[in-house]
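Subject: Handover of a structure

Hello,

I am passing a structure on to you. Please open it first, then read the notes below.

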Amino acid sequence: MFPTQLGPLTLSNPIIASSGTFSYGCNDIQARYRSLFGAVTAKTITLLPRKGNPLPRIHETPSGVLNSIGLENVGINAFLAEYLPQWNTVDDIRLIVSVGGDTVDDYVRLCRQLHPHHRIDAIELNISCPNVKKGGMAIGGDLTKIQQLLTRVKQITDKPCIVKLSPNVANIIDCAQCCEEHGADIISLVNCFLGMAIDVKNRRPLFANTFAGLSGPAIRPIALRIVYQIRQHISLPIIGIGGITTAHDAMEFLIAGATAVAIGTANLISPHSVRQILEGLALQASNQKASSPFGKTVI
Amino acid sequence: MNNHYATISENRQIGSRYYLLTLSWRNASTLFFPGQFINIKIGNTTAPLLRRPFSIFSAERETLSILYAVVGKGTEILSTMKNGDKLDCLGPLGNGYFDHYTPSPSDSIILIGGGTGAASLFYCAQWLYTKHIHFTVLLGFRSQDDVLCLDLWKQLGTTPIITTEDGSIGTRGVITEQLSTNLSPQSHILACGPLPLLAALQSFCSAATILASFEGSFGCGTGMCSGCIIPTQEDDGWTYKKICVDGPIFDLNTILFKGSNLCSQHS
């Protein structure tokens with residue numbers, strides 16, 4: 001249904017599971033639904049295992065979710081030993097491995113370790129996580145660091161390289177253009193917006209890290225605006241992300257200029273959201289008597 | 001786990017703050033095990049956005065029941081729903097008490113709970129009753145107003161030992177004070193209740209088995225997001241486990257209360 005060419009990646013459909021919302025795609029429930037996606041982006045891995053932030057990690061807001069997971073992950077060694085082998089029997093979906101680090105060196109070391117593994121179809125550089133004290137978003141707004149990162153990563157791997165951008169920077173257009181200039185294959189945007197909540201009873205920030213990442217339908221109009229704006233300035237394929245829960249939402253992003261879309265909070269609400277979105281897209285195509293409900297033209 | 005649009009057959013208020021919701025669910029007593037939960041999408045809008053988890057109170061051949069208090073927007077909406085309305089449910093989810101422990105008729109089994117924690121223990125009791133396995137029930141509450149469904153417990157051939165903090169019914173005090181007369185090192189304890197109760201059980205209780213049900217602020221309930229973590233002891237240190245998939249039932253002795261902010265999170 002709706003095969004999609006996302007730069008160098010061929011997807012069976014344009015719906016991708018966003019990093020951090022589908023774990024490593026290996027437990028019973030994830031295994032049941034992963035084949036419905038065009039691609040799954042695994043939870044961001046780091047060089048060393050990370051326990052992540054203490055509770056609370058999740059807080060519902062009007063039509064949204066604040067999360068402060070803190071890049072909890074098993075570390076690259078355990079990922080390669082325990083989770084990647086479980087993908088060897090799954091060959092109809094693309095696997096994107098997301099990586100995160102404190103420094104450019106960290107990202108490069110991760111990419112070097114991932115490069116030999118044929119099952120990994122692409123690497124997503126998470127330079128936009130709002131929930132860690134170092135790295136993440138701190139790199140995502142720094143053009144010099146983006147240039148260094150991409151230059152070095154492209155020297156050590158020819159795997160398609162996706163850069164996930166932060167909406168919490170003043171210069172996201174410049175960042176996207178810098179990515180294109182220095183060898184990124186695909187841009188994914190956006191990661192979560194920086195937000196916070198206050199514990200009124202105890203008169204202090206709810207989250208241990210003070211700030212947290214906002215996602216879900218509340219951010220969709222802003223994420224959509226960013227995708228539309230970036231589309232005007234770069235020619236790289238874009239994965240549109242931000243509060244997509246329905247086929248209608250997906251179509252907005254695809255018409256605005258994304259080549260594929262990723263769903264995140266939607267997976268938390270229902271692991272079968274991807275099926276509902278694909279069925280909606282098929283219905284749309286059927287109503288339009290078209291092979292695809294969305295053209296490749298950008299408004 | 002399945003996605004089931006369950007029809008409400010009853011949603012009645014009991015006591016001053018609680019509701020008993022019964023859903024049609026074919027083969028519920030075969031599909032669900034004591035300790036497991038369902039995750040309900042309340043309404044079809046984005047507010048509330050996330051599903052709400054509920055422990056199973058009881059399961060029969062064609063129905064499933066949950067016991068809930070109105071504590072926020074989601075449960076407030078739930079309390080207004082009528083017979084014949086449908087609810088978008090995911091379940092069964094999580095592990096059950098009897099994934100950890102296989103009871104036998106000769107075992108000394110104690111079910112101990114507090115507040116709405118008593119709800120998940122009821123299905124435990126129902127399950128043991130159908131297998132002709134004897135158990136003792138200890139339930140603690142703030143006041144008489146919180147004591148629910150005593151008539152249903154009695155149908156299982158048991159009269160719970162009750163404590164209330166204000167002494168309005170049963171013995172005045174906290175339920176852990178009733179443990180010593182019922183406890184032996186060979187006892188198997190199945191617990192569900194507020195974190196202070198569970199922490200107290202861990203600190204002074206010695207038994208063959210102590211299993212407890214934990215709650216958390218779930219993001220997904222299905223192991224996707226790592227939002228519902230609980231610190232647990234490991235051989236070489238400690239780690240976070242996910243309540244929704246590694247639990248909600250845990251060996252109480254592995255849970256790290258001290259030094260974590262576990263007790264500052266309300267369920």
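The notes take each chain in turn, then the interface, then a few local spots.

One caution first: this is a predicted model.

Chain A

Chain A has 299 residues, and 61% of them are buried. Its secondary structure consists of 10 helices and 16 strands. The radius of gyration of chain A is 18 Å, and the globule rule gives 19 Å for 299 residues, so chain A is as compact as a globular protein of that length. Along the principal axes, its C-alpha atoms fill a box of roughly 55 × 50 × 40 Å.

Now the contacts. Take those in chain A between residues at least 6 apart in sequence: 69% of them join residues at least 24 apart. The exposed surface of chain A is about 11,600 Å², with 52% supplied by carbon and sulfur atoms. Chain A carries 26 positive and 21 negative charges, and the mean positions of the two sets lie 4 Å apart.

Chain B

Chain B has 267 residues, of which 54% count as buried. Seven helices and 16 strands make up its secondary structure. Its radius of gyration is 18 Å, which agrees with the value near 18 Å for a compact globule of 267 residues. The C-alpha trace of chain B spans about 50 × 45 × 35 Å along its principal axes.

The same kind of count applies here. Of the contacts in chain B between residues at least 6 apart in sequence, 62% join residues at least 24 apart. The accessible surface of chain B is about 11,300 Å², and 49% of that belongs to carbon and sulfur atoms. There are 17 positive and 20 negative charges in chain B, with mean positions 7 Å apart.

The interface

How many residues of each chain are in contact with the other? For chain A it is 32 residues, and they touch 33 residues of chain B. Together the two chains bury about 2,600 Å² between them. Carbon and sulfur atoms account for 59% of that area. On the chain A side, three residues stand out: A:Leu55, A:Glu60 and A:Ile269. They supply 24% of the area that chain A buries against chain B, more than any other three residues.

Helix H2 of chain A

Helix H2 of chain A runs over residues 75-83. Its buried residues are A:Gly75, A:Ile76, A:Ala78, A:Phe79 and A:Leu80. What covers them includes strand S4 (39-45), strand S7 (94-99) and helix H3 (104-114) of chain A.

Helix H6 and strand S8 of chain B

Helix H6 of chain B covers residues 195-204. The buried residues of H6 are B:Leu195, B:Leu197, B:Leu198, B:Ala199 and B:Leu201. Their cover includes S8, strand S12 (188-192) and strand S13 (209-213) of chain B.

Strand S8 spans residues 109-114 of chain B and holds B:Ile109. Is B:Ile109 buried or exposed? Its relative accessible area is 3%, so B:Ile109 is buried, the cut-off being under 20%. Leaving aside neighbours within four places in sequence, B:Ile109 is in contact with several residues, among them B:Tyr101, B:Pro103, B:Phe135, B:His188 and B:Leu190. B:Leu128 is also one of its contacts. B:Leu128 is 19 residues away from B:Ile109 along the chain, and their C-alpha atoms are separated by 9.7 Å.

Best wishes

Technical notes. Residues are numbered from 1 along each chain as its sequence is written. Chains are lettered from A and ligands numbered from 1 in the order in which they are written. This is a predicted model: local features need pLDDT of at least 70, side-chain atom pairs count only at pLDDT 80 or more; totals for chains, interfaces and linings use all residues. Side-chain values use heavy atoms; hydrogens and water are left out. Helices (H or I, at least four residues) and strands (E, at least two) are DSSP runs, numbered from the N terminus. The radius of gyration is taken over C-alpha atoms; the globule rule is 2.2 Å times the number of residues to the power 0.38. Buried means under 20% relative accessible area, exposed over 50%, partly exposed in between (1.4 Å probe, protein chains only). Contact means heavy atoms within 4.5 Å. Accessible areas come from the Shrake-Rupley method with a 1.4 Å probe; for residues, only the protein chains shown count as cover. Lys and Arg count as positive and Asp and Glu as negative; His and the chain ends are not counted. The place of a charge is taken as NZ of Lys, CZ of Arg, CG of Asp or CD of Glu. Buried area is the accessible area (1.4 Å probe) that two parts lose on being put together, summed over both.
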